[in-house]
Amino acid sequence: MDTNRARAAIAEHRRIDQASDLGGARRPRVVIVGAGFGGLSAARALRKAPVDVTVIDRRNYHLFQPLLYQVATAGLSPADIASPIRAILRDQPNTSVLLARVEAVDRAARCVIADGRSVPFDYLVVASGARHAYFGHEEWEPFAPGLKKIEDATDIRRNILLAFEKAETELDPVERARLLTLVVIGAGPTGVEMAGAIAELARRALAADFRAIDPAQARVILIEAGPRVLPTFPESLSAAAMRSLQRLGVQVRVGAAVTGCDAAGVTVGDAHIATRTIVWAAGVMASPAARWLGTDKDRAGRVPVGPDLALPDDPSIFVIGDTAAATGADGRMLPGVAPVAKQQGAYVARVIAARVAGRSPSPRFRYRSYGNLATVGRRAAVADFGFVRVTGSLAWLLWGVVHVFFLIGFRNRLAVLIQWLWSYLTFESGSRLITGSMD
Ligand SMILES: Cc1cc2nc3c(=O)[nH]c(=O)nc-3n(C[C@H](O)[C@H](O)[C@H](O)COP(=O)(O)OP(=O)(O)OC[C@H]3O[C@@H](n4cnc5c(N)ncnc54)[C@H](O)[C@@H]3O)c2cc1C
């Protein structure tokens with residue numbers, strides 16, 4: 001945004017602000033940036049508070065990212081895991097939704113600048129999430145797309161399905177082998193889920209559909225720089241996930257740091273893997289909120305916040321979810337997962353409501369972890385509840401129940417349940433559409 005536009009936006013904000021202050025009857029204005037897990041949870045928890053809430057998002061829908069990998073592997077359609085923000089907040093008369101991209105925050109003028117408009121606030125909640133990061137190798141991105149948005153998922157789905165289509169007509173055996181090699185980089189929950197789902201797609205859903213190739217012979221390779229898959233899970237569950245991946249035919253390479261990605265494939269140290277399909281599931285970087293707010297940031301771009309999730313020098317500006325560098329009661333950094341963002345959203349809403357009511361808010365956010373889950377494929381998952389660890393079919397059922405339960409909207413829950421039941425009974429993948437360019 002150029003300086004003149006920014007100045008004009010700020011002047012406009014001051015005009016609106018002065019006008020609304022006349023008579024002193026104005027309710028406190030809460031602006032929430034981002035309608036992901038954190039922002040939406042904050043907005044919903046403020047529904048009965050005597051405040052005016054504005055939720056700003058650059059998309060008109062809330063995305064359930066934990067099931068994005070199923071869109072990328074043709075198991076679900078985009079609309080199954082997304083819900084319009086306006087519809088979600090329809091019954092909250094104190095809340096407005098603004099479809100706009102935030103570009104800056106003017107802390108002195110107390111306004112957010114979004115698409116050249118100025119949106120004034122008394123309290124600001126920044127919940128703008130994170131995007132994938134390439135550890136300083138942004139040049140890898142065109143060859144190794146990450147998974148964060150619906151567009152990423154449909155691009156990856158296209159890459160995977162096109163690889164099989166092109167292999168079917170390819171006469172050169174070397175090129176055909178390259179097409180039938182699919183590589184996932186990063187063996188956290190997303191990478192493990194992606195690799196398992198690609199292997200199932202090749203071995204089951206696509207197995208009988210081609211004539212010149214056998215999709216079941218496709219090589220699915222999962223590369224992890226650390227010593228084991230699912231590094232944030234206990235070792236016994238990592239080992240169980242590893243066994244499930246191997247049963248599916250996934251070749252897992254741990255302790256292998258990627259040193260290059262290009263049109264020819266992936267380089268790992270001295271070894272080169274020839275492939276045209278690479279999925280990046282290895283790193284994330286917070287949204288540029290530190291730049292908007294003019295604050296410090298940590299190595300992952302996150303904004304350091306105090307125990308109440310507010311900026312240390314401004315108790316009216318909160319940063320939550322994947323954008324915040326917040327520590328738990330044990331002093332360790334809280335993980336970038338949906339339950340942290342949701343609980344933080346609900347907590348800052350309580351803090352704001354208490355302050356508006358003249359009460360003292362609880363001074364510290366406390367995260368309650370209810371467990372970690374990751375699925376590897378059909379009837380294979382791992383679940384860590386601290387006091388008990390579960391693997392296999394039971395963990396897989398729990399994983400399914402939890403994900404359907406937390407999906408937003410009855411239509412989405414029903415659609416996903418029906419799709420999963422259908423896939424379970426028929427081994428089919430219902431959303432095998434190649435959309436966009438055929439190149
Ligand atoms: C593929 C994938 C799988 C995952 N699987 C799991 C899982 O199984 N379990 C789990 O707990 N967590 C999982 N996560 C992590 C989880 O999704 C995040 O921790 C969670 O979404 C963080 O919530 P948030 O509110 O901070 O950000 P998000 O939910 O990412 O929401 C951020 C919002 O901000 C909006 N936004 C960003 N920039 C701007 C801007 N400039 N202007 C306006 N709006 C903006 C975005 O459009 C978005 O709606 C997964 C993440 C990914 C990517």
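Helix α10 gives the most to the shell around the ligand, contributing three residues. The model described here is a predicted one.

**The ligand and its surroundings**

Two helices, α2 (37-45) and α10 (338-356), each supply at least two residues of the shell around the ligand. The shell holds 28 residues, and those that come nearest to the ligand are G38, D57, Q65, V102 and D322. By character, the residues of the shell divide into 12 nonpolar, 10 polar and six charged.

Polar contacts to the ligand involve both a side chain and the backbone. Q65 places a polar side-chain atom 2.8 Å from an oxygen atom of the ligand. V102, by contrast, approaches through a backbone N or O atom, which lies 2.8 Å from a nitrogen atom of the ligand. A338 also uses a backbone N or O atom, and this atom is 2.9 Å from an oxygen atom of the ligand. The table sets these contacts side by side.

| Residue | Atom of the residue | Atom of the ligand | Distance |
|---|---|---|---|
| Q65 | polar side-chain atom | oxygen | 2.8 Å |
| V102 | backbone N or O | nitrogen | 2.8 Å |
| A338 | backbone N or O | oxygen | 2.9 Å |

Taken alone, the ligand exposes 1,000 Å², and the protein buries 91% of that area.

**Salt bridges**

A search of the whole structure finds 13 salt bridges. One of them joins R110 to D314, with the closest N and O atoms 2.8 Å apart. R110 lies in the loop between β6 (102-106) and β7 (111-114), whereas D314 belongs to strand β21 (residues 314-319), so this pair ties together parts that are 204 residues apart in sequence.

**Aromatic rings and a charge over them**

The structure holds nine aromatic pairs. In general, a pair of aromatic rings is described by the distance of the centres and the angle of the planes. One aromatic cluster is formed by Y134, F135, W140 and W280.

Aromatic rings also take part in arrangements with a charged side chain, and R378 provides the examples. R378 lies over the face of Y424, at 4.2 Å from the ring centre. The charged end of R378 also sits over the ring of F427, 3.8 Å from the centre of that ring.

Notes
Residues are numbered from 1 along each chain as its sequence is written. This is a predicted model: local features need pLDDT of at least 70, side-chain atom pairs count only at pLDDT 80 or more; totals for chains, interfaces and linings use all residues. Side-chain values use heavy atoms; hydrogens and water are left out. Rings of Phe, Tyr and Trp (its six-membered ring) pair if their centres lie within 6.5 Å; planes under 30 degrees apart count as stacked, over 60 as edge-to-face and the rest as tilted. A charge sits over a ring if NZ of Lys or CZ of Arg is within 6 Å of the ring centre and within 35 degrees of the ring normal. A residue is near a molecule or strand if one of its heavy atoms lies within 4 Å of it. A polar contact is a pair of N or O atoms within 3.5 Å; within protein, one must be able to donate a hydrogen and the other to accept it, and residues adjacent in sequence count only if both atoms are side-chain atoms. Accessible areas come from the Shrake-Rupley method with a 1.4 Å probe; for residues, only the protein chains shown count as cover. Helices (H or I, at least four residues) and strands (E, at least two) are DSSP runs, numbered from the N terminus. Ala, Val, Leu, Ile, Met, Phe, Trp, Tyr, Cys and Pro count as nonpolar, Asp, Glu, Lys and Arg as charged, and the others, Gly among them, as polar. A salt bridge is a side-chain nitrogen of Lys or Arg within 4 Å of a carboxyl oxygen of Asp or Glu.
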